Structures are given as structure tokens and as C-alpha cells.
Amino acid sequence: MSSTGPDLSAFSLAGKRILVTGANTGIGQGIAVSVARAGGTVVGVGRSAMDETAERIEAAGGHFEAVRCDLADSTAAQAMLDRVWHDSGSLDGLVNNAGIIRRADAVELTEADWDDVIDVNLKTVFMLSQGFARNVLAEPGRRGKIVNIASVLSFQGGIRVASYTASKHGVLGITRLLACEWAQKGINVNAVAPGYIETNNTEALRADPDRSASILARIPAGRWGRPEDIGDAAAFLLAPASDYMHGAVVPVDGGWLAR
Ligand code: NDP
């Protein structure tokens, strides 16, 4: 350590612009705040107002830009990324966080609930990654980092979440494929696999005392995760410290998968 304190530059996102999907709430908001705390500028994308995220980032002394886009339309999502890149400034990172879940027995799941989940959670993740990579590759020497938000259900089956589990297994697959295709092109592709995190997504589970108790009893850390737990892992995967990581999937689950 020097007399001026530790050198944390490997963990800094100063001067970096990071696009985070679904930044208005939950894990996306946690990622946005962690990126801002590491010095990055956040371009938050979503359907809803992002005032709360903007306030939290401002309070952390960071910079935030909000962009409205319905990510169910993957072509529109890719066009949005191009617009951001060319109109308001190039990007150094992309975090594919936005996601939805539909709970139903597999025999009851509708085709619409299958399609909706696959479109947002998987197809748009690929299309945004492709759009990001095309822009990075168009500028010789440029580098970029993609972080996909997977799930413990990228590794397990689960119950009553068929389309979600399929989408998250798919996210794992494209994370690994794109990591291999782009590793020598200056683009790192990695993923974070959250466990059970306190967000709107899990509100119904937490409200059910029996379900909530059985989930908690299986988490070695003995608590639900917080959005910032995921945010800090994502910030690491966006920073220079993780430059040699390609195709890694980092569980942030209180030990759920280790059990
Ligand atoms: P939330 O439901 O709290 O937030 C989901 C986010 O995705 C919101 O910002 C939402 O925006 C956005 N979003 C959904 N659909 C669209 C769309 N069509 N267009 C634009 N934005 C959209 O969920 P979480 O924060 O819990 O989940 C975030 C990610 O983490 C998801 O990929 C999820 O699968 C994953 N995950 C979550 C876990 C958990 O325990 N919470 C566990 C494992 C993975 P809007 O409000 O505008 O709809």
C-alpha cells in the first residue's frame, strides 16, 4: 500500500459507460448503484420511470442516463442500443439484467407465457449482445464487457417455472458460446447467477411463510440476497480486474448451489 492508500484502479469503472437493462428496480437498480459507486456512468434501460435509481446514483455522486425501451421487442432493443451508442456516446459494458418469470405447472403453461419469457430473457439478451459486439468490433482496438444475469435455475430444474428455467439455461449457453467466439476480439462475456434475492420477482415467495422458511433453511448464508450483492459482482466483471475471465458464471447465492 502506498502512502496515498491502496491502488484500487483494477476495480474502477471511472470513465466507463455501462448500459444496464431493467435498471428501475430490484437487481438492475443494485447493479446501477454498484457501477456508479465504482465510478462508471450508467445508461439505464427499461419500460418504467427510473427516478428512484437516478436519485440513488446522484446520491452516490454518479452519472445516470435513462432510456425507455420495451425489451420484449428484440429488434427495437438492438436499434435502441445503436441509437445510444451513436447519439449519446459509445459503451464500454452491457449488463443484460431485465427478466420476467411466469409461474405455472408445465401442463398449464400457455404458449404466450413461454414466448414472453423466452423473448425478454433470452432472445433480447442475444440481440443486445450482438448489437453491442458489432459496435465494439467496428472500432479497431476497442474493448467491451458483457455481463449476463443468469440464475441458480441455469443449473437446476425448479418447479412451475418451465419457460424461465429454459431461458436461464439458454443464457448460460450463450454466455459460454459468445465468450469463446469473442475472447480474442476484445470482448469478455461472463455471467452472474443470483440465488434468492429480495426483489419484486420474489415478493410472492417471501410472502408465503412456508415457502419462505423452506428456502431460507436451504441457504447456507442464512439470509436472502440483496440487489447490491449482485451489483458488486457485476461491477467486478465489468472492471479491469476480471480481464482474463471469459465464459465464467459466478454464483452469488449465499451458497445455494454449493449445498
Ligand atoms: P424485478 O421484477 O424486480 O425487475 C425486473 C426488471 O426487468 C425491471 O426493471 C423490469 O422493468 C425489467 N423488464 C422486464 N420486462 C421488461 C421489458 N419487456 N422491457 C424492459 N424492461 C423489462 O426482477 P429482479 O430484479 O429480481 O430480476 C432481475 C434479473 O435477475 C432477472 O433477469 C431475473 O431473472 C434475475 N434473477 C433474479 C432472482 C431473484 O431472486 N430476484 C434470482 C435469479 C435471477 P419494468 O419494471 O419496467 O417492467
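Me: How many residues surround the ligand?
Reply: This is a predicted model. Among the residues around the ligand, the closest are Gly22, Gly26, Gly99, Thr199 and Asn201. The number of residues that surround the ligand is 26.

Me: How many residues in the shell around the ligand are charged?
Reply: The shell divides by class into 10 nonpolar and 14 polar residues, plus the charged ones. The charged residues number 2.

Me: Which helix gives the largest share of the shell around the ligand?
Reply: The largest share of this shell is 3 residues. They come from one helix, residues 26-37. That helix is H1.

Me: Which helix gives the largest share of the largest nonpolar core?
Reply: The largest nonpolar core holds 68 residues, and those touching the most other members include Ile18, Val35 and Val192. The largest share of this core is 9 residues, found in the helix of residues 111-137. That helix is H4.

Me: Which residues is valine 35 in contact with, leaving aside its neighbours within four places in sequence?
Reply: Val35 is one of the core residues that touch the most other members. With the sequence neighbours set aside, its contacts are Leu13, Ile18, Val20, Gly40, Val42, Ala235 and Leu238.

Me: Is strand E5 largely enclosed or open?
Reply: On one side of E5, Gly144, Ile146 and Asn148 are buried, and on the other side Lys145, Val147 and Ile149 are buried. Both faces are therefore covered. Because 6 of the 6 residues of E5 are buried, the strand is largely enclosed.

Me: Which residue in E6 is the bridge partner of valine 147?
Reply: Strand E5 pairs with E4 in the parallel sense over 4 bridges, and there valine 147 is the partner of valine 95. E5 also pairs with E6, in the parallel sense over 6 bridges. In E6, the bridge partner of valine 147 is asparagine 190.

Me: Through which helix does the chain cross from E5 to E6?
Reply: E4, H4 and E5 make a right-handed β-α-β unit. The crossover from E5 to E6 is also a right-handed β-α-β one, passing through the helix of residues 162-182. That helix is H5.

Me: Is tyrosine 244 buried or exposed?
Reply: Tyrosine 244 sits in the loop between helix H8 and strand E7. A residue counts as exposed if 12 or fewer other C-beta atoms lie within 10 Å of its own. Tyrosine 244 has 8, so it is exposed.

Me: What separates the C-alpha atoms of tyrosine 244 and aspartate 82?
Reply: Along the chain, these two residues are 162 residues apart. In space, their C-alpha atoms are separated by 27 Å.

Notes. Residues numbered from 1 in each chain as written. Predicted model: local features only at pLDDT ≥ 70, side-chain atom pairs only at ≥ 80, totals over all residues. Near = placed C-beta within 6 Å. Helix = DSSP H or I, 4+ residues; strand = E, 2+ residues; numbered from the N terminus. Nonpolar A, V, L, I, M, F, W, Y, C, P; charged D, E, K, R; others polar. Core = buried A, V, L, I, M, F, W, Y, C linked by C-beta atoms within 7 Å. Buried ≥ 20, exposed ≤ 12 C-beta atoms within 10 Å, placed from the backbone. Contact = placed C-beta atoms within 7 Å. Pairing = 2+ DSSP bridges. Right-handed = clockwise from strand over helix to strand, strands pointing away.
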